[in-house]
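Me: I would like to learn how to read the features of a protein model, one at a time. Could we work through an example together?

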Amino acid sequence: MTYSGGCQCGAVRYKIESKPVVAYCCHCTDCQQQSSSAFGMSVWFPVDAFELTSGTLSTWKTSGDSGNEKVCTLCPDCGTRIYHAFPGESDTLSVKGGSLDDISKIPPIAHIWTRSAQPWLLRYIVDEICHETEPDNFDHLIDHFQRNSD
């Protein structure tokens, strides 16, 4: 399975040759701010499946809620966030759903950080797995996603 994506201005393009590991919506205030929206969508893929096909990525580092380093990548021209990585902690990349060319075939399986969600949005989140914060681990979300995706 191959997915492609890139930034808003077109300078950065990538492809991913793998099925997604999991997809979810995150309502933390960081994701709201970086997406300039009510939530961010994260789609995990294996690190070695990601290939930058054009352009270059800028990075900056911050700490996740766990206190571990989070590397954020973005287009240096338009600022579109491409993925987050957690070096030494994970062998996956959290690709930002909006950077994929076609996100329609990767439905999110859960919503996390719902305690930070915009109150007007909560009424639309029905029949989905929800966590008030980040789950201690994502195993149950990954299992559920894998059982329910194509």
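Reply: The turns below take up sheets, cysteines, a pocket and some individual residues of this predicted model.

Me: Let us begin with the sheets. In what order do the strands of the eight-stranded open sheet lie?

Reply: A sheet is read from one edge to the other, by partner and not by sequence. Here the order is β6-β7-β8-β9-β4-β3-β10-β11, and the pairing is mixed. The edges are β6 (58–63) and β11 (129–130); each has a single partner strand, so one side of each is left without a neighbour in the sheet.

Me: How many bridges join β10 to β11, and in which direction do the two run, parallel or antiparallel?

Reply: Strand β10, residues 110–112, is joined to β11 by two bridges, and the two strands run parallel. At the level of residues, histidine 111 has cysteine 130 in β11 as its bridge partner.

Me: Which helix lies across β3, β4, β10 and β11?

Reply: That helix is α3 (residues 139–148), and its direction makes an angle of about 120 degrees with β3 (22–26).

Me: What is the strand order in the three-stranded open sheet?

Reply: The order is β1-β2-β5, with antiparallel pairing. Its edge strands, β1 (2–6) and β5 (50–54), each pair on one side only. On average, neighbouring strands of this sheet are turned by 25 degrees against each other, direction ignored. Strand β2 (residues 13–17) is connected to β5 by four bridges, and arginine 13 stands opposite serine 54 in β5.

Me: Turning to the cysteines, how many disulfides does the structure hold?

Reply: The test is the distance between two sulfur atoms, which must be within 2.5 Å. The structure holds zero disulfides.

Me: Why is cysteine 72 not bonded to cysteine 31?

Reply: The sulfur of cysteine 31 is the closest cysteine sulfur to that of cysteine 72, but the separation is 9.3 Å, too far for a bond. Cysteine 130 is likewise in no disulfide, with its nearest cysteine sulfur, in cysteine 25, 9.7 Å away.

Me: Are cysteine 72 and cysteine 130 buried, partly exposed or exposed?

Reply: Relative accessible area decides the matter. Cysteine 72 is buried at 0%, whereas cysteine 130 is partly exposed at 38%.

Me: How does one find a pocket, and what is the volume of the second largest pocket?

Reply: Rolling a probe the size of a water molecule over the atoms shows where empty space is left. The second largest pocket has a volume of about 300 Å³. It is lined by 16 residues, of which Ser35, Thr80, Arg81, Lys96 and Gly98 are the closest to its centre. The elements α1 (29–35) and β4 each give two or more residues to this lining.

Me: Which residues does isoleucine 112 touch?

Reply: Contacts are best read together with burial. Isoleucine 112 belongs to strand β10 and is buried, with a relative accessible area of 2%. Leaving aside residues up to four places away in sequence, its contacts include Tyr24, Cys25, His131, Phe138 and Leu141.

Me: Finally, what is the sign of phi at serine 36 and at tryptophan 113?

Reply: Serine 36 has a positive phi of about 55 degrees although it is not a glycine, and the value for tryptophan 113, also not a glycine, is positive at about 55 degrees. Serine 36 sits in the loop between α1 and β4 and is exposed at 70% relative accessibility. Tryptophan 113 lies in the loop between β10 and α2 (119–122) and is buried at 11%.

Key
Residues are numbered from 1 along each chain as its sequence is written. This is a predicted model: local features need pLDDT of at least 70, side-chain atom pairs count only at pLDDT 80 or more; totals for chains, interfaces and linings use all residues. Side-chain values use heavy atoms; hydrogens and water are left out. Buried means under 20% relative accessible area, exposed over 50%, partly exposed in between (1.4 Å probe, protein chains only). Two strands pair if DSSP finds at least two bridges between them. Contact means heavy atoms within 4.5 Å. Axes are lines fitted to C-alpha atoms, for helices over the stretch in contact, and angles run from 0 to 180 degrees between N-to-C directions. On a 1 Å grid over the protein atoms alone, a cavity is a set of points where a 1.4 Å probe fits but cannot get out, and a pocket is an open set with protein on both sides within 12 Å along at least five of seven lines; lining residues have an atom within 4 Å of a point. Grid points are joined across faces, edges and corners, and a volume is the space filled by probe spheres set on the points.
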